[in-house]
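Student: I would like to learn how to read the contacts between chains and between domains in a model such as this one. Could we go through them step by step?

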There are 2 protein chains.
Amino acid sequence: MLSKKTKYGLKALTFLGNQKDRNPIAIAEIANHENISQKFLESILLTLRRTGYLGSKKGKGGGYYLIKDPSEIPMTTVMRVLEGPIAMVSCVSLNFYEKCEDCPDEQSCSVHKLMLKVRDSALDVYRNTTLADLLN
Amino acid sequence: MLSKKTKYGLKALTFLGNQKDRNPIAIAEIANHENISQKFLESILLTLRRTGYLGSKKGKGGGYYLIKDPSEIPMTTVMRVLEGPIAMVSCVSLNFYEKCEDCPDEQSCSVHKLMLKVRDSALDVYRNTTLADLLN
DNA sequence: TTATTAATCTACTAAAACTATAGGGTGAAT
DNA sequence: ATTCACCCTATAGTTTTAGTAGATTAATAA
């Protein structure tokens, strides 16, 4: 299951991407429009800012805005930042590889074989989809 | 992340599929060979039996054995039984569809769009992989 | 200039849900 | 009598999803 964190993060990015200009938009407005718990969204937007997708402005009239062009925001990194590793098992993870403790031989492991395929297919989707593809 | 339930279930199915004959194999032996908590594996094998993949025999010399040919066990149903819906969001699930409460319009929802692609690609893998493909 | 207001930032806490596992008893097959 | 699957329950641990309280920053009104 996709975590709400990822779901909310994607919706927020989309909402910001759909704006005409890039003026700051308050958390409250995004949360309201997308039916998201404001405090939860706050922490999500913070991590998206730290990743380099969003800029923020404090004080009155402040809020969040897209820093990059939507076509330069690939789902690969968005998913990694919000949801974590794309691989369902660490032994097939590109960025977070770890050997399975219980598994003596990766090559002959059925879980490894299957999850490798699944990872490749998911990666294919994420690599070929940017935020721009999800906008209206 | 793939749950250990699914991981263990797959390993058990593979272990049984790799046997020469179809004699019953005790839970303890499978658990031992695959480094699995025996009690946990017990409940997993039970659900696999109820799904119709495994048969069991009680008493001395008892255990579990494959009922179907490995080529007739598609990963689609194995994953659904062990891991749950293949879709990461219920609004793109074939077998467990549910409308998102927060989302007013599915067609314009970015999460929906993305997860539809991911589901299709995962489904493609699972549908084209049977237990036979994972054996040695 | 000063006070007020509106917003992000930070950290801590808490409730709820889910995961993984353990324990003990029952009953069937040998 | 023994060996196994079967079934039910409980529980520790982890993750998710928030909520609370306050600090910080910036714009604006007095």
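Tutor: Let us begin with the chain pair, bearing in mind that this is a predicted model. In it, 38 residues of chain A are in contact with 37 residues of chain B.

Student: How much area is buried between chain A and chain B?

Tutor: The size of an interface is often given as the accessible area lost when the parts come together. For chain A and chain B that area is about 3100 Å², with 65% given by carbon and sulfur atoms. On the chain A side, the residues that lose the most area to chain B are Met88(A), Asp102(A) and Leu114(A), which together account for 19% of what that side buries.

Student: How many salt bridges does the rule find across the interface of chain A and chain B, and how many residue pairs are in polar contact there?

Tutor: The rule finds four salt bridges across this interface, one example being that between the side chains of Lys7(A) and Asp102(B), with an N to O distance of 3.5 Å. Polar contacts between the two chains number 13 residue pairs, counted where both residues have pLDDT 80 or more.

Student: Which helices of chain A supply at least two residues each of the side that touches chain B?

Tutor: Helices H1, H4 (75-82), H5 (110-127) and H6 (131-134) of chain A each do so, and H5(A) gives the most, with eleven residues.

Student: Where do the domains of chain A lie along the sequence?

Tutor: Chain A is divided into domain 1, spanning 4-66, and domain 2, spanning 73-134, and the centres of these domains, taken over C-alpha atoms, are 27 Å apart. Their contact takes twelve residues from domain 1 of chain A and eleven residues from domain 2 of chain A. Between them the two domains bury about 970 Å², 76% of it on carbon and sulfur atoms. Of the area that domain 1 of chain A buries against domain 2 of chain A, 50% is supplied by Thr6(A), Leu10(A) and Tyr53(A), more than by any other three residues. Between these domains there are zero salt bridges, and two residue pairs are in polar contact, both residues being at pLDDT 80 or more.

Student: Why does the structure hold zero disulfides over all chains, taking Cys103(B) as the case?

Tutor: A disulfide requires cysteine sulfur atoms within 2.5 Å. The closest cysteine sulfur to that of Cys103(B) belongs to Cys109(B) and lies 3.7 Å away, which is too far for a bond. Cys103(B) is buried at a relative accessible area of 6%, and Cys109(B) also counts as buried, at 9%.

How values were computed. Residues numbered from 1 in each chain as written. Chains lettered and ligands numbered in written order. Predicted model: local features only at pLDDT ≥ 70, side-chain atom pairs only at ≥ 80, totals over all residues. Heavy atoms only, no water. Buried < 20%, exposed > 50% of the residue type's maximum accessible area, 1.4 Å probe, protein only. Domains from an automatic or database assignment. Contact = heavy atoms within 4.5 Å. Buried area = accessible area lost by both parts, 1.4 Å probe. Polar contact = N/O pair within 3.5 Å; in protein donor to acceptor, adjacent residues only side chain to side chain. Helix = DSSP H or I, 4+ residues; strand = E, 2+ residues; numbered from the N terminus.
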